[in-house]
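Hi,

Here is the structure I promised to pass on. Have a look at it first, and my notes on what turned up are below.

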There are 2 protein chains.
Amino acid sequence: MKRNSRLSLALHTLGHMAGEPERMRKSADIAAHAGTNPVVVRRVLGRLREAGLLVAEKGHAGGWRLARPPREITLADVYLALNERLVPVDEPPEPHGCAVEEALHDRVATLMDEIEQTLVSRLSETTIAEIRTPAG
Amino acid sequence: MKRNSRLSLALHTLGHMAGEPERMRKSADIAAHAGTNPVVVRRVLGRLREAGLLVAEKGHAGGWRLARPPREITLADVYLALNERLVPVDEPPEPHGCAVEEALHDRVATLMDEIEQTLVSRLSETTIAEIRTPAG
DNA sequence: ACATCACGTAACAATCGCAGTTGCGGATAT
DNA sequence: ATATCCGCAACTGCGATTGTTACGTGATGT
């Protein structure tokens, strides 16, 4: 699989689930469709379960399904549930007295936070029910 | 050093250069100040040289200096020179006929391009001459 | 009851990108 | 000529992520 696969895998799977919200899906089936491994699927979907987006059930009739209607799950919910970050949070530099470094860090950190916020805002405009329709 | 260090290192160095544009700086000195290695500095600044932001000279009086006035170098110039990417370009998925995956990829790729564009646009509002001043 | 099935989790290997490091060649000033 | 820079290639080490195996836990059907 390619990079940033967690978000891709999650959205891909939720996109399918949005089409048949009742159906129970096993991680093995999801993995087969996505071309990856059941454990990987459980790892990723596990985060969505912790965030209350999915429900997992064990046993014979077990598997995964949406915890609420597809229209009530936005792409931002998924993004945030996975703790994804456009740019990794970097701690402020150790103060060895370089004013340039400190001013720079402030500027960049502020700007990146703003961009991250913009992304989340845009992601929240789309629900997983709309994934299938060609973007418009 | 921390992550995203290329951009940090580049901006940090250019920030200092903007204060004394005439002064020639050796990669060893830059590395010492930034807490890294001369070769790493040459790797990063080399990209900026290729992009026409810096000039490098060899030999005894060699070193690095800005290729043009600090006011004419924006943070976006630096970002683009380094070929930085908020999210790595991922090729469209192999068409194994999953409409959800394709529609999803289109949506996400479009949105990410838009965010990237926003970032570059915001970065272009600041020049390296302004780095020292506390962000305002 | 009990075998079966699916998730939950830990542990480890494989891979990838990146920083760090060493070494050597080419260019330039003294 | 020599010292001093940059340019570049090759290698190592580290951290993050994915892939894989193995085992425990809980729910279901017979």
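A quick word on terms before anything else: when I say two residues touch, or are in contact, I mean that they have heavy atoms within 4.5 Å. Also keep in mind that this is a predicted model.

With that in hand, start at Thr127(A). This residue sits in the segment after α5 (99-123) of chain A. Leaving out residues up to four places away in sequence, Thr127(A) touches Pro70(A), Arg71(A), Ile73(A), Thr74(A) and Leu75(A). Ile73(A) is worth a click: Thr127(A) and Ile73(A) are 54 residues apart along the chain, yet 5.4 Å separates their C-alpha atoms. Is Thr127(A) buried or exposed? Thr127(A) counts as buried, because its relative accessibility is 10% and the cut-off for buried is under 20%.

Glu84(A) is the other residue I looked at one by one. You'll find Glu84(A) in the loop between α4 (75-81) and α5 of chain A. Glu84(A) has a relative accessibility of 11%, so this residue counts as buried too. Setting aside neighbours within four places in sequence, Glu84(A) is in contact with Asn4(A), Arg6(A), Leu7(A), Tyr79(A) and Glu116(A). With Arg6(A) there is also a polar contact between the two side chains, at 3.4 Å.

Now the two protein chains. Chain B puts 38 residues into the contact and chain A puts in 37. About 3,400 Å² is buried between them, and carbon and sulfur atoms give 71% of that area. On the chain B side, the residues that lose the most area to chain A are Val100(B), Leu104(B) and Arg107(B), which together make up 19% of what that side buries.

What about charges and polar pairs across the interface? The rule finds two salt bridges between chain B and chain A. One of them joins the side chains of Glu114(A) and Arg122(B), with 2.7 Å from N to O. Six residue pairs are in polar contact between the two chains. As for which elements are involved, α1 (5-19) and α5 (99-123) of chain B each supply at least two residues of the side that touches chain A. The largest share of that side comes from α5(B), with 14 residues. By class, the chain B side has 17 nonpolar, eleven polar and ten charged residues.

On to the DNA, beginning with strand C. There are 25 residues around DNA strand C, and those that come nearest are Lys26(A), Ser27(A), Ser5(B), Thr36(B) and Arg43(B). Of the strand C atoms that come within 4 Å of the protein, sugar and phosphate account for 61%. Here are three spots to zoom in on:

- Base: an N or O atom in the side chain of Arg42(A) is 3.2 Å from a base nitrogen of DNA strand C.
- Sugar or linking oxygen: a polar backbone atom of Gly59(A) lies 3.0 Å from one in DNA strand C.
- Phosphate: an N or O atom in the side chain of Trp64(A) is 3.0 Å from a phosphate oxygen of DNA strand C.

Which element gives the most to the surface near DNA strand C? That is α3(A), with four residues. The residues of this surface divide into six nonpolar, nine polar and ten charged.

DNA strand D is next. 25 residues surround DNA strand D, and the closest are Ser5(A), Thr36(A), Arg43(A), Lys26(B) and Ser27(B). Sugar or phosphate makes up 59% of the strand D atoms within 4 Å of the protein, and bases make up the rest. Two phosphate contacts come from chain A: a side-chain N or O atom of Ser5(A) is 2.3 Å from a phosphate oxygen of DNA strand D, and one of Thr36(A) is 2.5 Å from a phosphate oxygen of that strand. On the base side, an N or O atom in the side chain of His60(B) is 3.2 Å from a base nitrogen of DNA strand D. Here α3(B) supplies the largest share of the surface near the strand, four residues. By class, the surface near DNA strand D has six nonpolar, nine polar and ten charged residues.

Cheers

Conventions: Residues are numbered from 1 along each chain as its sequence is written. Chains are lettered from A and ligands numbered from 1 in the order in which they are written. This is a predicted model: local features need pLDDT of at least 70, side-chain atom pairs count only at pLDDT 80 or more; totals for chains, interfaces and linings use all residues. Side-chain values use heavy atoms; hydrogens and water are left out. Buried area is the accessible area (1.4 Å probe) that two parts lose on being put together, summed over both. A salt bridge is a side-chain nitrogen of Lys or Arg within 4 Å of a carboxyl oxygen of Asp or Glu. A polar contact is a pair of N or O atoms within 3.5 Å; within protein, one must be able to donate a hydrogen and the other to accept it, and residues adjacent in sequence count only if both atoms are side-chain atoms. Ala, Val, Leu, Ile, Met, Phe, Trp, Tyr, Cys and Pro count as nonpolar, Asp, Glu, Lys and Arg as charged, and the others, Gly among them, as polar. A residue is near a molecule or strand if one of its heavy atoms lies within 4 Å of it. Buried means under 20% relative accessible area, exposed over 50%, partly exposed in between (1.4 Å probe, protein chains only).
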